[in-house]
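The following paragraphs walk through one protein chain, beginning with a contact between charged side chains and ending with the surface. Please keep the model in view while reading.

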Amino acid sequence: SRLMYQMILRSQQSTNTVAKETSTIKRGLKSVKQALSRKKASPKTMRPSPDKVTIEVKDFEVGVFERLMRYIHCGVVAVDPRTVAGMINAAKMFEFPDLHDACWEFAIECMRPDTLPLMVEGATLYSQFKETRKLMQKVISYLGDTPDVIQCCPEIQSLIPLRSDEFMC
């Protein structure tokens, strides 16, 4: 993913800048520490710690981003009705077309009375994304074709944001 690569690169560059600024201080502290230390440290304590890169991703819930990482590392991921909207948007943003298509297929399958409330509830967290708006239009179209679902699941009506010129049934 180009976007993910750029995020990692930016994070590493900012870490390197901070490291250069503090390297003089670290060298000074290291020499003081060595001067104060009379015993030699054991080999276990001298192991260098690996560099860590921390990237803050504010647009997605932790569970959704963890699933995206699982997909990147393993090639498979479990998606449920509550997380499918987040996964659709994450796959689109980070450019994983196969995952995006698979999540859309799953979302269409979730348009049933037993799973639709969970899917709509999860989608409300991602209303700022274009893909979520597309998904909600499909949900509204589905509900227009099957008005009995509203009677079975009245909680859906309060979850779907409608414009004033739209009607549920």
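**A salt bridge and its surroundings**

R82 and E61 form a salt bridge in which the closest N and O atoms are 3.9 Å apart. The two residues belong to distant parts of the chain: R82 sits in the loop between α2 and α3, E61 in the loop between α1 (2-36) and α2, and 21 residues separate them. The model is a predicted one, and the distances and areas in this text are to be read with that in mind.

Neither partner of this pair reaches the level of an exposed residue, for which over 50% relative accessible area is needed. R82 is partly exposed, with a relative accessible area of 28%. E61 also counts as partly exposed, at 32% relative accessibility.

R82 has a second partner. E121 forms a salt bridge with R82, and here the closest N and O atoms are 3.9 Å apart. E121 lies in helix α5 while R82 is in the loop between α2 and α3, so this pair ties together parts that are 39 residues apart in sequence. E121 is partly exposed, with a relative accessible area of 34%. Taken together, E61, R82 and E121 are linked in a network of salt bridges. Side chains of opposite charge can pair when their charged atoms come close.

How many salt bridges does a search of the whole structure find? The search finds five. Another of the salt bridges joins D114 and R112, with the closest N and O atoms 3.0 Å apart. Here the accessibility of the partners falls into two classes: D114 counts as exposed because its relative accessibility is 54%, whereas R112 is partly exposed, with a relative accessible area of 36%.

The background to these contacts is a helical chain. It contains eight helices and zero strands, and along the sequence the pattern reads α-α-α-α-α-α-α-α. Of the 169 residues in the chain, 30% are buried.

The interior can be described through the largest nonpolar core, which has 30 residues; among these, L99, L116, M119 and L135 touch the most other members. Two or more residues of this core come from each of α2 (62-74), α3 (84-93), α4, α5 (116-123) and α6 (130-145). The greatest contribution is that of α3, which gives six residues.

Is α5, the helix that carries E121, largely enclosed or largely open? Six of the eight residues of α5 are buried, so this helix is largely enclosed by the rest of the structure. The buried residues are L116, P117, M119, V120, G122 and A123. L116 and M119 thus appear both in this list and among the core residues that touch the most other members. E121, which is partly exposed at 34%, is the α5 residue that bonds to R82 in the salt bridge described above.

M119 also serves as a reference point for A107. A107 has its place in helix α4 and is buried, with a relative accessible area of 0%. Along the sequence A107 and M119 are twelve residues apart, and their C-alpha atoms are 7.7 Å apart in space.

A second pair of this kind involves Y126, which is found in the loop between α5 and α6. Although in a loop, Y126 is buried, with a relative accessible area of 2%. The C-alpha atoms of Y126 and A85 are separated by 7.2 Å, while the two residues are 41 residues apart along the chain.

The loop between α3 and α4 holds E95. Phi of E95 is near 60°, a positive value in a residue other than glycine. E95 is partly exposed, with a relative accessible area of 37%.

Helix α4, where A107 is buried, also takes part in the charged surface. D98, D101, E105 and E109 gather on the surface in a patch of negative charge. D101 is located in α4, which spans residues 97-109, and counts as partly exposed at 44% relative accessibility. As for spacing within such a helix, an α-helix has 3.6 residues a turn, so residues three or four places apart point the same way.

How values were computed
Residues are numbered from 1 along each chain as its sequence is written. This is a predicted model: local features need pLDDT of at least 70, side-chain atom pairs count only at pLDDT 80 or more; totals for chains, interfaces and linings use all residues. Side-chain values use heavy atoms; hydrogens and water are left out. Patches are made of residues with over 30% relative accessible area and no salt bridge: like charges are joined within 9 Å, nonpolar side chains (Val, Leu, Ile, Met, Phe, Trp, Tyr) within 5 Å. Accessible areas come from the Shrake-Rupley method with a 1.4 Å probe; for residues, only the protein chains shown count as cover. A salt bridge is a side-chain nitrogen of Lys or Arg within 4 Å of a carboxyl oxygen of Asp or Glu. Lys and Arg count as positive and Asp and Glu as negative; His and the chain ends are not counted. The place of a charge is taken as NZ of Lys, CZ of Arg, CG of Asp or CD of Glu. Helices (H or I, at least four residues) and strands (E, at least two) are DSSP runs, numbered from the N terminus. Buried means under 20% relative accessible area, exposed over 50%, partly exposed in between (1.4 Å probe, protein chains only). A nonpolar core is a set of buried Ala, Val, Leu, Ile, Met, Phe, Trp, Tyr and Cys residues joined through side-chain atoms within 4.5 Å.
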